[in-house]
Amino acid sequence: MGFFKIFDLDHGNDPGAANGANRYIPITILDANAIRRESAQTGDAIGQIVEEKSQQITAVLTQEVDGDLHDTLAYAIREILRNAVEHSHSDCVRFCAQLYPRMDRVEVVILDKGRGILPSFAMNPFVDPSTDREAINISLMPGVSGTAFKGSKINTRTDDWKNSGYGLYMTNRICRMGGDFFIGSNSAGVLLEDGKKIDYRFHHQGTLLRLTIKPSRVANLKSRLLEFSEQGKASATRLRGTVLHPSTASHMLTVDYQDS
Ligand SMILES: Nc1ncnc2c1ncn2[C@@H]1O[C@H](COP(=O)(O)OP(=O)(O)OP(=O)(O)O)[C@@H](O)[C@H]1O
Ligand SMILES: [Mg+2]
(Lines give C-alpha, C1' and ligand atoms only; values in the text may rest on other atoms or scores of the structure.)
(Ligands and ions follow the chains in the order given, each with its own letter.)
Protein backbone atom coordinates (compact mmCIF):
# COMPACT_ATOMS: atom_id res chain seq x y z
CA MET A 1 0.00 0.00 0.00
CA GLY A 2 2.94 2.36 -0.41
CA PHE A 3 4.17 1.89 3.16
CA PHE A 4 7.90 1.69 2.37
CA LYS A 5 8.08 4.39 -0.26
CA ILE A 6 6.30 6.90 1.95
CA PHE A 7 9.52 7.10 3.98
CA ASP A 8 11.82 6.93 0.93
CA LEU A 9 12.69 3.21 1.08
CA ASP A 10 12.84 1.86 -2.47
CA HIS A 11 10.54 -1.13 -2.04
CA GLY A 12 7.01 -1.92 -3.15
CA ASN A 13 4.44 0.45 -4.64
CA ASP A 14 4.42 4.22 -4.68
CA PRO A 15 1.83 5.73 -2.32
CA GLY A 16 -1.51 5.57 -4.13
CA ALA A 17 -0.27 3.04 -6.73
CA ALA A 18 -1.96 -0.01 -5.23
CA ASN A 19 -5.51 -0.25 -6.51
CA GLY A 20 -7.20 -0.32 -3.11
CA ALA A 21 -9.54 -3.20 -3.77
CA ASN A 22 -10.56 -5.57 -0.99
CA ARG A 23 -11.90 -2.91 1.29
CA TYR A 24 -8.69 -0.98 1.81
CA ILE A 25 -7.38 2.36 0.68
CA PRO A 26 -3.60 2.42 0.24
CA ILE A 27 -1.60 5.35 1.56
CA THR A 28 -2.87 8.18 -0.60
CA ILE A 29 -1.69 11.75 -0.90
CA LEU A 30 -4.26 14.46 -1.50
CA ASP A 31 -3.12 17.84 -2.85
CA ALA A 32 -4.65 20.27 -0.34
CA ASN A 33 -3.56 23.34 -2.31
CA ALA A 34 -5.35 22.03 -5.41
CA ILE A 35 -8.56 21.70 -3.38
CA ARG A 36 -8.16 25.23 -1.99
CA ARG A 37 -7.58 26.54 -5.54
CA GLU A 38 -10.59 24.65 -6.91
CA SER A 39 -12.72 26.10 -4.13
CA ALA A 40 -11.51 29.65 -4.85
CA GLN A 41 -12.03 29.27 -8.62
CA THR A 42 -15.40 27.55 -8.64
CA GLY A 43 -16.95 29.03 -5.50
CA ASP A 44 -17.69 25.50 -4.27
CA ALA A 45 -17.01 25.12 -0.57
CA ILE A 46 -14.02 23.00 0.48
CA GLY A 47 -16.49 20.77 2.32
CA GLN A 48 -18.38 20.12 -0.89
CA ILE A 49 -15.25 19.18 -2.82
CA VAL A 50 -13.99 16.96 -0.03
CA GLU A 51 -17.43 15.33 0.27
CA GLU A 52 -16.92 13.73 -3.15
CA LYS A 53 -13.52 12.30 -2.16
CA SER A 54 -14.92 10.96 1.05
CA GLN A 55 -17.81 9.26 -0.78
CA GLN A 56 -15.31 7.57 -3.13
CA ILE A 57 -13.12 6.35 -0.26
CA THR A 58 -16.14 5.06 1.63
CA ALA A 59 -17.50 3.20 -1.39
CA VAL A 60 -14.21 1.26 -1.68
CA LEU A 61 -14.24 0.39 2.03
CA THR A 62 -17.87 -0.62 2.38
CA GLN A 63 -18.53 -1.76 -1.22
CA GLU A 64 -21.83 0.11 -0.80
CA VAL A 65 -23.12 3.50 -1.85
CA ASP A 66 -25.55 4.05 0.99
CA GLY A 67 -26.66 2.62 4.33
CA ASP A 68 -25.75 3.44 7.93
CA LEU A 69 -22.12 2.28 7.76
CA HIS A 70 -21.52 4.07 4.47
CA ASP A 71 -23.10 7.30 5.72
CA THR A 72 -21.27 7.22 9.05
CA LEU A 73 -17.88 6.66 7.49
CA ALA A 74 -18.44 9.19 4.72
CA TYR A 75 -19.41 11.79 7.32
CA ALA A 76 -16.43 11.10 9.61
CA ILE A 77 -13.85 10.97 6.79
CA ARG A 78 -15.22 14.15 5.24
CA GLU A 79 -15.02 16.10 8.50
CA ILE A 80 -11.41 15.11 9.14
CA LEU A 81 -10.23 15.68 5.55
CA ARG A 82 -12.03 18.98 5.55
CA ASN A 83 -10.30 20.07 8.76
CA ALA A 84 -6.91 19.32 7.26
CA VAL A 85 -7.67 21.42 4.17
CA GLU A 86 -9.42 24.23 6.06
CA HIS A 87 -7.25 24.60 9.15
CA SER A 88 -3.82 22.97 8.85
CA HIS A 89 -2.12 25.17 6.18
CA SER A 90 -0.48 21.90 5.02
CA ASP A 91 0.27 21.43 1.31
CA CYS A 92 -1.09 17.90 1.32
CA VAL A 93 -3.08 15.41 3.33
CA ARG A 94 -2.20 11.72 3.61
CA PHE A 95 -4.64 8.97 4.44
CA CYS A 96 -5.17 5.24 4.39
CA ALA A 97 -8.01 3.02 5.58
CA GLN A 98 -9.15 -0.56 5.89
CA LEU A 99 -12.33 -2.37 6.76
CA TYR A 100 -11.94 -5.71 8.56
CA PRO A 101 -15.37 -7.38 8.25
CA ARG A 102 -14.60 -10.37 10.46
CA MET A 103 -13.17 -8.17 13.20
CA ASP A 104 -16.14 -5.80 12.95
CA ARG A 105 -13.73 -2.91 12.61
CA VAL A 106 -12.85 -0.06 10.26
CA GLU A 107 -9.70 1.98 10.71
CA VAL A 108 -8.99 5.28 9.01
CA VAL A 109 -5.81 7.32 9.45
CA ILE A 110 -5.63 10.88 8.14
CA LEU A 111 -2.65 13.15 8.69
CA ASP A 112 -1.33 16.52 7.67
CA LYS A 113 2.06 18.11 8.17
CA GLY A 114 0.69 21.54 8.90
CA ARG A 115 0.81 23.97 11.82
CA GLY A 116 -0.97 21.76 14.34
CA ILE A 117 -4.00 22.59 16.46
CA LEU A 118 -2.51 24.99 19.04
CA PRO A 119 -1.75 27.86 16.60
CA SER A 120 -5.14 27.41 14.93
CA PHE A 121 -6.82 28.93 18.01
CA ALA A 122 -4.75 32.13 17.99
CA MET A 123 -7.63 34.31 16.72
CA ASN A 124 -10.32 33.01 19.10
CA PRO A 125 -10.44 35.26 22.19
CA PHE A 126 -12.66 32.80 24.11
CA VAL A 127 -10.00 30.11 24.37
CA ASP A 128 -6.41 30.43 25.45
CA PRO A 129 -4.63 27.08 25.27
CA SER A 130 -0.92 27.23 26.04
CA THR A 131 0.10 23.66 25.20
CA ASP A 132 -0.65 21.20 22.40
CA ARG A 133 -2.57 19.02 24.87
CA GLU A 134 -4.76 21.89 26.06
CA ALA A 135 -5.47 22.83 22.44
CA ILE A 136 -6.51 19.26 21.57
CA ASN A 137 -8.86 19.06 24.56
CA ILE A 138 -10.45 22.34 23.53
CA SER A 139 -10.76 21.32 19.88
CA LEU A 140 -12.88 18.31 20.87
CA MET A 141 -15.47 20.46 22.66
CA PRO A 142 -18.78 21.07 20.88
CA GLY A 143 -19.13 24.50 19.33
CA VAL A 144 -15.48 25.50 19.80
CA SER A 145 -13.59 26.55 16.68
CA GLY A 146 -10.47 28.44 15.68
CA THR A 147 -12.42 30.29 13.00
CA ALA A 148 -16.06 30.48 14.19
CA PHE A 149 -16.67 32.39 17.41
CA LYS A 150 -18.71 35.38 18.57
CA GLY A 151 -17.66 38.33 16.41
CA SER A 152 -15.65 36.31 13.84
CA LYS A 153 -15.92 36.95 10.10
CA ILE A 154 -16.94 33.37 9.29
CA ASN A 155 -19.99 33.71 11.55
CA THR A 156 -21.49 36.17 9.07
CA ARG A 157 -21.61 33.47 6.38
CA THR A 158 -24.94 31.78 5.81
CA ASP A 159 -23.96 28.71 3.78
CA ASP A 160 -24.18 25.11 4.99
CA TRP A 161 -20.41 24.67 5.07
CA LYS A 162 -19.39 27.45 7.43
CA ASN A 163 -17.49 26.19 10.47
CA SER A 164 -19.38 25.74 13.70
CA GLY A 165 -16.94 23.77 15.84
CA TYR A 166 -18.80 20.46 15.72
CA GLY A 167 -16.69 18.32 13.34
CA LEU A 168 -14.29 16.80 15.88
CA TYR A 169 -16.96 16.55 18.57
CA MET A 170 -19.41 14.61 16.39
CA THR A 171 -16.66 12.43 14.95
CA ASN A 172 -15.28 11.44 18.34
CA ARG A 173 -18.79 10.64 19.59
CA ILE A 174 -19.38 8.39 16.55
CA CYS A 175 -16.10 6.52 17.06
CA ARG A 176 -16.81 6.02 20.76
CA MET A 177 -19.83 3.89 19.93
CA GLY A 178 -17.72 0.75 20.28
CA GLY A 179 -14.57 1.99 18.53
CA ASP A 180 -12.04 4.62 19.52
CA PHE A 181 -10.71 8.00 18.47
CA PHE A 182 -7.06 9.09 18.53
CA ILE A 183 -5.90 12.60 17.80
CA GLY A 184 -2.30 13.71 17.93
CA SER A 185 -0.99 17.16 17.17
CA ASN A 186 2.64 18.26 17.43
CA SER A 187 3.72 17.08 20.92
CA ALA A 188 0.49 15.66 22.39
CA GLY A 189 -1.85 12.76 21.68
CA VAL A 190 -5.23 11.84 23.16
CA LEU A 191 -7.05 8.53 22.84
CA LEU A 192 -10.78 8.52 23.57
CA GLU A 193 -12.65 5.26 24.07
CA ASP A 194 -16.07 4.76 25.55
CA GLY A 195 -15.61 6.00 29.14
CA LYS A 196 -11.84 6.43 28.90
CA LYS A 197 -9.39 9.20 28.00
CA ILE A 198 -5.70 8.41 27.78
CA ASP A 199 -3.02 11.06 27.24
CA TYR A 200 0.04 10.19 25.20
CA ARG A 201 3.25 11.95 24.28
CA PHE A 202 3.37 12.41 20.52
CA HIS A 203 5.92 13.58 17.96
CA HIS A 204 4.60 14.79 14.65
CA GLN A 205 4.67 18.24 13.08
CA GLY A 206 1.01 18.62 12.15
CA THR A 207 -2.08 16.65 13.07
CA LEU A 208 -2.90 12.96 12.82
CA LEU A 209 -6.21 11.25 13.48
CA ARG A 210 -6.99 7.56 13.70
CA LEU A 211 -10.67 6.73 13.69
CA THR A 212 -11.77 3.23 14.63
CA ILE A 213 -15.41 2.44 14.01
CA LYS A 214 -17.34 -0.71 14.86
CA PRO A 215 -19.73 -1.35 11.94
CA SER A 216 -22.20 -3.37 14.02
CA ARG A 217 -22.76 -0.34 16.29
CA VAL A 218 -23.58 2.33 13.73
CA ALA A 219 -27.25 1.57 13.14
CA ASN A 220 -29.71 4.48 13.25
CA LEU A 221 -27.10 7.02 12.26
CA LYS A 222 -29.56 9.89 11.92
CA SER A 223 -31.03 9.49 15.39
CA ARG A 224 -27.58 9.05 17.00
CA LEU A 225 -26.28 12.17 15.23
CA LEU A 226 -29.30 14.10 16.42
CA GLU A 227 -28.79 12.86 19.97
CA PHE A 228 -25.07 13.81 19.92
CA SER A 229 -25.71 17.21 18.43
CA GLU A 230 -28.41 17.94 21.01
CA GLN A 231 -26.10 16.95 23.85
CA GLY A 232 -23.35 19.02 22.20
CA LYS A 233 -25.60 22.04 21.84
CA ALA A 234 -26.62 21.81 25.51
CA SER A 235 -22.94 21.79 26.53
CA ALA A 236 -22.11 24.59 24.09
CA THR A 237 -24.92 26.73 25.53
CA ARG A 238 -23.47 26.26 29.01
CA LEU A 239 -20.04 27.33 27.72
CA ARG A 240 -21.13 30.18 25.43
CA GLY A 241 -19.70 33.62 26.17
CA THR A 242 -17.36 32.27 28.85
CA VAL A 243 -13.66 31.79 28.32
CA LEU A 244 -13.29 28.02 28.04
CA HIS A 245 -10.55 26.89 30.38
CA PRO A 246 -8.44 23.96 29.10
CA SER A 247 -8.98 22.01 32.31
CA THR A 248 -12.76 22.34 31.91
CA ALA A 249 -12.38 20.85 28.43
CA SER A 250 -10.27 17.98 29.71
CA HIS A 251 -12.73 17.32 32.55
CA MET A 252 -15.70 17.30 30.18
CA LEU A 253 -13.99 14.81 27.88
CA THR A 254 -13.29 12.50 30.77
CA VAL A 255 -16.59 12.76 32.59
CA ASP A 256 -19.50 14.23 30.67
CA TYR A 257 -19.62 11.92 27.69
CA GLN A 258 -18.98 8.64 29.48
CA ASP A 259 -22.53 7.43 29.13
CA SER A 260 -22.53 7.64 25.32
N1 LIG B 1 -5.92 19.43 10.97
C2 LIG B 1 -6.00 20.53 11.74
N3 LIG B 1 -4.98 21.42 11.78
C4 LIG B 1 -5.05 22.54 12.55
N5 LIG B 1 -6.11 22.83 13.34
C6 LIG B 1 -7.16 21.99 13.34
C7 LIG B 1 -7.16 20.80 12.54
N8 LIG B 1 -8.34 20.15 12.77
C9 LIG B 1 -9.03 20.91 13.64
N10 LIG B 1 -8.33 22.01 13.99
C11 LIG B 1 -8.74 23.05 14.96
O12 LIG B 1 -9.74 22.51 15.80
C13 LIG B 1 -10.94 23.31 15.68
C14 LIG B 1 -12.17 22.46 15.90
O15 LIG B 1 -12.36 21.59 14.77
P16 LIG B 1 -13.84 21.15 14.41
O17 LIG B 1 -13.77 20.30 13.22
O18 LIG B 1 -14.46 20.56 15.63
O19 LIG B 1 -14.60 22.52 14.13
P20 LIG B 1 -14.53 23.50 12.85
O21 LIG B 1 -13.77 22.84 11.77
O22 LIG B 1 -14.05 24.82 13.32
O23 LIG B 1 -16.07 23.62 12.47
P24 LIG B 1 -16.96 22.50 11.70
O25 LIG B 1 -16.22 21.21 11.77
O26 LIG B 1 -18.25 22.48 12.46
O27 LIG B 1 -17.06 23.03 10.31
C28 LIG B 1 -10.83 23.97 14.32
O29 LIG B 1 -11.62 25.15 14.23
C30 LIG B 1 -9.33 24.28 14.27
O31 LIG B 1 -9.05 25.42 15.05
MG1 LIG C 1 -14.23 20.88 11.18
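**Surface patches**

I started with the surface and found that Phe3, Phe4 and Leu9 make a nonpolar patch, together about 280 Å² of accessible area. Patch residues here have over 30% relative accessible area and no salt bridge, with nonpolar side chains (Val, Leu, Ile, Met, Phe, Trp, Tyr) joined within 5 Å and like charges within 9 Å. The areas come from the Shrake-Rupley method with a 1.4 Å probe, and for residues only the protein chains shown count as cover. I looked up phenylalanine 4 and found it in helix α1. Phenylalanine 4 is partly exposed, because its relative accessibility is 32%; the scale is buried under 20%, exposed over 50%, partly exposed in between (1.4 Å probe, protein chains only).

I also noted a negative surface patch, made of Glu64, Asp66, Asp68 and Asp71. For the signs, Asp and Glu count as negative and Lys and Arg as positive, while His and the chain ends are not counted. Each charge is placed at NZ of Lys, CZ of Arg, CG of Asp or CD of Glu. Aspartate 68 sits in helix α4, residues 68-87, and is partly exposed at 33% relative accessible area.

**Ground rules and confidence**

This is a predicted model, where local features need pLDDT of at least 70 and side-chain atom pairs count only at pLDDT 80 or more, while totals for chains, interfaces and linings use all residues. Residues are numbered from 1 along each chain as its sequence is written, chains are lettered from A and ligands numbered from 1 in the order written, and side-chain values use heavy atoms, leaving out hydrogens and water.

I checked pLDDT (the predictor's confidence in each residue, from 0 to 100). The protein's mean is 88, and 90% of its residues reach 70 or more. Among the elements, helix α1 (residues 3-6) has the lowest mean, 68, and helix α5 (residues 117-120) the highest, 98. Helices (H or I, at least four residues) and strands (E, at least two) are DSSP runs numbered from the N terminus.

**Salt bridges**

How many salt bridges does a search of the whole structure find? I got 11, taking a side-chain nitrogen of Lys or Arg within 4 Å of a carboxyl oxygen of Asp or Glu as one.

In helix α4, I found glutamate 86 bridged to arginine 82 at 3.2 Å, N to O. The two are four residues apart, so about one helical turn separates them. Glutamate 86 is partly exposed at 22% relative accessibility, whereas arginine 82 is buried at 7%.

Lysine 214 pairs with aspartate 104, with the closest N and O atoms 3.6 Å apart. Lysine 214 is in the loop between β5 (196-213) and α8 (221-239) and aspartate 104 in the loop between β2 (92-100) and β3 (105-112), so the bridge ties together parts 110 residues apart in sequence. Lysine 214 is partly exposed, at 28% relative accessible area.

Arginine 105 bridges to glutamate 107, at 2.7 Å between the closest N and O atoms. Arginine 105 is partly exposed at 25%. I also traced one network of salt bridges with shared partners, joining Glu51, Arg78, Glu79, Arg82 and Glu86.

**Backbone and a long-range pair**

Which residues did I note with a positive phi of about 55°, although not glycine? Aspartate 104 is one of them, and asparagine 186 is another. Most residues other than glycine have a negative phi. Asparagine 186 is in strand β4 (residues 180-193) and is buried, at 16% relative accessible area.

Lastly, I looked up glutamate 134 in helix α6 (residues 132-139). Glutamate 134 is partly exposed at 24% relative accessibility. Its C-alpha is 8.8 Å from that of histidine 245, although the two are 111 residues apart in sequence.
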